[in-house]
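Here are a few exercises to work through with the model open in your viewer. Try each task before you read its solution.

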Amino acid sequence: MELAPSRLSAPSHAIIRSSDGGWPAVFALTLCVSTLIASEFMPVSLLTPVASSLQISEGQAGQAIAISGIFAVFTSLFIAAASRNVDRRSLLLGLTTLMVVSGAIVACAPNYLVFMAGRALLGVVIGGFWSMSTATVMRLVPEAAVPKALALLNGGNALATTIAAPLGSYLGQFIGWRGAFFCVVPLACVTLVWLFRTLPAMPNHERASGIAALRLLRRPQVPLGMLSVSLLFMGQFALFTYLRPFLESITGVGVTTLALILLVVGVAGLAGTYAIDFALRRSLYSLLAAMPLAMAAIAAGLVAAGHSPGVVTVLLVLWGFVGTAAPVAWWTWVSRVLPNDAEAGGGLMVAVVQLAITLGAGVGGILFDRLGYQATFLVSAALLISSAGAALLAARAPSNAADPADPPSAVFAAH
């Protein structure tokens with residue numbers, strides 16, 4: 001998920017920075033987010049061997065993404081209130097330790113229940129880390145350097161999103177799915193040591209409420225915008241989660257070709273995150289509607305031409321280009337619609353996106369098992385079309401007035 005640069009005005013975030021300006025800790029956080037994202041999306045390229053090994057269906061294996069999303073939702077909404085008296089350094093170190101434990105549990109899981117428990121722990125890390133990552137960066141570097149630091153963090157996110165699926169597929173050929181999952185454990189250990197050595201003490205002085213983000217739903221555009229983004233991610237992950245079994249059983253590609261296709265899709269996604277910067281300078285809402293419509297057309301195209309490797313590859317490249325860029329547009333929307341409450345809006349966005357990923361992967365798995373890939377992909381297209389409609393409704397909604405009950409918070413500056 002892409003985060004927009006931001007500025008923090010709350011004095012409680014001021015700390016005495018070290019002479020290195022906090023950059024070693026920013027680099028450590030970047031490695032942390034790369035490892036976390038790689039862990040989150042590793043199952044996409046390993047569904048088939050996981051299902052075979054644990055003697056479950058591919059749809060059940062896909063629930064590994066759904067379960068992490070469920071726990072990420074609740075964590076992102078309530079971790080600030082639950083840890084209000086905890087030093088943020090200690091909390092980040094605890095979450096990183098939990099990532100190590102999760103990776104080890106998943107890699108060594110003897111059965112489906114233990115496997116899902118490990119993925120649930122990863123969901124806690126995902127929700128906790130993304131809820132505080134931006135605020136942490138803003139406490140590590142001077143205000144003028146915050147955009148650069150966040151760009152570095154987002155670069156780690158994009159890189160991991162690009163390589164996680166193809167690397168998992170490639171490694172799975174030689175060391176098995178357990179070995180592929182275990183590869184994140186040493187990386188997480190390195191991250192833990194690096195964060196331990198570089199993160200300064202960051203006592204928390206803010207009073208957080210578990211429902212602060214939900215207050216934003218009182219504003220006219222926010223519910224429609226959140227509905228649109230949730231439908232976007234539901235549609236995206238109803239399809240994306242089950243690409244490997246589709247490519248292997250319908251398109252008929254081998255494991256090496258599969259890894260190459262996923263890599264090309266990831267590279268296209270990186271290109272999309274850069275290209276969208278130029279598109280956003282024109283019409284934000286037109287873009288928010290056009291992207292899910294394009295993805296819906298691609299989903300329908302995959303159903304129509306699923307047996308043609310060449311056509312499928314082209315369609316998936318377009319899918320990666322558009323789908324990876326979409327979160328950038330939605331974070332820009334947050335910065336423009338909630339300029340004085342973007343931190344709370346960001347927390348709400350994290351919860352909505354994770355819930356949508358959970359529902360999309362879950363519903364997609366059920367449809368894939370019972371009705372086949374055609375039903376899964378067509379439902380994905382319907383959800384994406386609905387996302388475009390909600391975005392257009394949000395564009396016509398009255399602009400949001402500040403809610404007097406909402407406290408001031410961090411401000412995201414638009415890209």
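**Exercise 1: a cavity lining**

Take the second largest cavity of this predicted model and work out which residues line it, what kinds they are, and which elements they come from.

*Solution.* Start with the list: the second largest cavity is lined by Ser-39, Met-99, Ser-102, Gly-103, Val-106, Arg-119, Leu-122, Phe-181 and Val-184. Next, map that lining onto elements: helix H4 (88-108) and helix H5 (112-140) are the ones that give two or more residues to it. H4 gives the most, with four residues. Now sort by residue type, remembering that Gly goes with the polar group. The lining then splits into five nonpolar, three polar and one charged. For volume, the second largest cavity holds about 70 Å³ of space. The count of cavities of 30 Å³ or more is four.

**Exercise 2: a serine in a helix**

Find Ser-230, then decide whether this residue is buried or exposed and what it touches.

*Solution.* First, locate Ser-230: it sits in helix H8, residues 221-240. Second, check accessibility: the relative value for Ser-230 is 14%, and buried means under 20%, so Ser-230 counts as buried. Third, look for partners, skipping neighbours within four places in sequence: Ser-230 is in contact with Val-352 and Ala-356.

**Exercise 3: an unusual backbone angle**

What is the phi of Gln-55, and where does this residue lie?

*Solution.* Begin with the angle: phi of Gln-55 is near 60°, a positive value in a residue that isn't glycine. Then place Gln-55 in the fold: it belongs to the loop between helix H2 (47-54) and helix H3 (58-82). Finally, test its accessibility: Gln-55 comes out at 74%, and the cut-off for exposed is over 50%, so Gln-55 is exposed.

**Exercise 4: cysteines**

How many disulfides are there in the whole structure, and how accessible are Cys-32 and Cys-189?

*Solution.* Run the search over the whole structure and you get zero disulfides. Now take the two cysteines in turn. Cys-32 has 2% relative accessibility, so it counts as buried. Cys-189 has a relative accessible area of 34%, which means it is partly exposed.

**Exercise 5: the whole chain**

Put together an overall description from secondary structure, burial, contacts and surface.

*Solution.* Count elements: the protein has 14 helices and two strands. Check burial: 59% of the 415 residues count as buried. Go on to contacts: among those with a separation of 6 or more, 87% join residues 24 or more positions apart. Last comes the surface: the accessible area is about 16,000 Å², with 69% belonging to carbon and sulfur atoms.

Key: Residues numbered from 1 in each chain as written. Predicted model: local features only at pLDDT ≥ 70, side-chain atom pairs only at ≥ 80, totals over all residues. Heavy atoms only, no water. 1 Å grid on protein atoms, 1.4 Å probe; cavity = no way out; pocket = protein on both sides within 12 Å on 5 of 7 lines; lining within 4 Å. Points joined across faces, edges and corners; volume = space filled by probe spheres on them. Buried < 20%, exposed > 50% of the residue type's maximum accessible area, 1.4 Å probe, protein only. Contact = heavy atoms within 4.5 Å. Disulfide = S-S within 2.5 Å. Areas by Shrake-Rupley, 256 points an atom, 1.4 Å probe, with all protein chains shown as cover.
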